[in-house]
Amino acid sequence: MTALPAPTERTLDTYRQVLAVTGPVLPVVSFLGRLPVAVIQFGSVLLVTRTSGSLATGGTVACALALGQVALGPFVGRRADRHGQRPVVLVCSLLNALAIAAYTLGALRDLPTPALVALGVLAGATVPGIGPLARARGVALVRRRGGGERVVDAVLSLESTMDELSFVLGPACIGIASVVAHPAYAFGAAALLVAVCGTGFALHPSAAAVPRAAADGGPHRPRDARPRMPRQVHLVRLGLVLLGVLLGGCGAGITALTQRLGHEDQAGLVYAAMGVMSAVVGLSMAAVPERFALPLRWRVATAGAALLSLPLIVTGSMPLLYAVVTLFGALFAPNLITGFGLTERAVPRERLAEGMTVAASAFVGGQAVTLAAAGRLAQTHGPAAAFAVGSVAAALAFLVALRVRLPHPAATPAAAAP
C-alpha cells in the first residue's frame, strides 16, 4: 500500500487530533444545525418569488431575512458569553423553527410584502448562530486540552469547510424541492432540522467548555466592565465586511450573467462549483506551516482574491465562467479561515462567542446588502458592473489586511488556556 506524502499525513493527523477533542458527534450535529440557515437564505428569493410572482418582492424579503440575522447575531453571541451556549442556543433553535414555519405559511398564503418582510426579519433574527458558536466551542475545547496553534487552525478550517458545504447543499435542497414539488417543503425540513439538531448542539456536553464572562466577575461586576475589544478586532471585522461585499458582488454578477447567456438555471451550479473548490482548499489549510503567520496569510489571500476576481469582469461565456469561478473559489476559504483565526487570537477570552458571531455577521451583512444593491446595478449596467464592485472590495480588503497585526501573546486572553 502506497504511503501518503508527509504533509498529507501530518494534515490528517491534525484533523484526528481535532476529532479526538471534539468527538465525532459534535461536528455532525453542528453541520446539520447550520444547514437550515443556508436553505432559508438561498431559498427565500425562490419561495417568495414563486408565491408572489414578483422577483423584486423575493429579493426584498430575502435581504430582510439576512439583515435580521446580522442585527441580532452579535446579541446571541453576547448572551452565549454571559449565560453559556446551552440555554441561548436551545431557546433560539426552538424560536427559529417556529419563525421559519410562520414565514413559510405567510409566503404560501401570499401575505402583503410588509408582513413577509417582518416574518423574514424574525426568521433571520432568531437564527441560533451555530456556525460561529461551534467555532468558539471548538477553539475552547482545544485550548482546554492544551492544543497548539496548528490544531486551532485545523478547527477553524474544518468549521469553514462545513460552512461552505452547507452553502452548497442548501441551494441543492431548494432546487430538488422546487423540481419535485415546491420550495416550501425544503423550508419545512429546515424548521425540523434546526429544532432537532439545534437542540442536540445545545445539549451536547461540549457546551460547558466555553468559559462564561459572568463567572469571572462576581455578582457585583458592572455590566460595562467587560474587557474591551482591541483595535485589531475592528480592523478584521472591516475586512470581513469587504469580503462579504466581494461575494455579494460576485453572486449578483453570476446571476445576471447566467440570465444574459440564457442559462439562468445553472446559476446554482456555478455557486456550487465555487463552493466545492473553496471547501477543498479550506480543508487543506491545516497543512499551512505555523511560521506562515496569520497577518501574512490574509495579505496573500486578499491580494489573490482581488487578482482572481478581475477576469470575471470580462467573462462572457458559460465554460469560461465555470473555470474562472472555480479558480476564484480557491481563495475564498483561506480568506474566511484567516479572518476567523485573527478574530480568535485578538478577542478577549470572555468575549469569544461574541467575537465569532460579530465576525460572521460582518461577512453576512456585507454580502446581503451588496447582493441586493449589486443586483440592481447589474440590471442597469450589466454583470461586469456587479463583478467590478466585488473586485474593488477585494482590493480594499487587501489594504485593510496590510494594517492588521497579530496581538502580542501576553495580551491575547483568547489564546490562553482557560
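This dialogue works through several side-chain features of a predicted model.

Trainee: Before we look at single contacts, how many aromatic pairs does a search of the whole structure find?

Mentor: Since this is a predicted model, we read the geometry as computed from the coordinates, and the search of the whole structure finds three aromatic pairs. One of them is formed by Y103 and F187, whose ring centres are 5.9 Å apart with the planes at 45 degrees, and because that angle is neither under 30 nor over 60 degrees, the pair counts as tilted.

Trainee: Which parts of the chain does the pair of Y103 and F187 tie together?

Mentor: Y103 belongs to helix α4, residues 85-108, while F187 belongs to helix α8, residues 183-203, so the contact ties together parts that are 84 residues apart in sequence.

Trainee: Are Y103 and F187 buried or exposed?

Mentor: Y103 is buried, with a relative accessible area of 0%, and F187 is likewise buried, at 1%.

Trainee: Which residues do ring pairs link into a cluster?

Mentor: Ring pairs can share members, and here they join F328, F332 and F363 into a cluster.

Trainee: Rings may also meet charged side chains; over the face of which ring does R135 lie, and over which ring does the charged end of R137 sit?

Mentor: R135 lies over the face of F340, at 3.9 Å from the ring centre, whereas the charged end of R137 sits over the ring of F201, 3.8 Å from its centre.

Trainee: Turning to cysteines, how many disulfides does a search of the whole structure find?

Mentor: The search of the whole structure finds zero disulfides. As for the surroundings of individual cysteines, C63 is buried with a relative accessible area of 18%, and C197 is buried with a relative accessible area of 11%.

Trainee: How should I read a glycine such as G304, and where is G304 found?

Mentor: G304 is found in helix α12, which covers residues 294-313, and at 17% relative accessibility G304 counts as buried, because the cut-off for that word is under 20%. Its position can also be read against that of L331: the two residues are 27 apart in sequence, and their C-alpha atoms are 6.6 Å apart in space.

Trainee: Finally, which residues make the nonpolar surface patch?

Mentor: The patch is made by V392, L396, L399 and L402, and its area is about 340 Å². Of these residues, V392 lies in helix α16, which spans residues 383-403.

Technical notes: Residues numbered from 1 in each chain as written. Predicted model: local features only at pLDDT ≥ 70, side-chain atom pairs only at ≥ 80, totals over all residues. Heavy atoms only, no water. Patch = residues over 30% accessible without salt bridge, like charges linked within 9 Å, V, L, I, M, F, W, Y side chains within 5 Å. Areas by Shrake-Rupley, 256 points an atom, 1.4 Å probe, with all protein chains shown as cover. Salt bridge = Lys/Arg side-chain N within 4 Å of Asp/Glu carboxyl O. Helix = DSSP H or I, 4+ residues; strand = E, 2+ residues; numbered from the N terminus. Phe/Tyr/Trp six-rings, centres within 6.5 Å; stacked < 30°, edge-to-face > 60°. Buried < 20%, exposed > 50% of the residue type's maximum accessible area, 1.4 Å probe, protein only. Lys NZ or Arg CZ within 6 Å of the ring centre and 35° of its normal. Disulfide = S-S within 2.5 Å.
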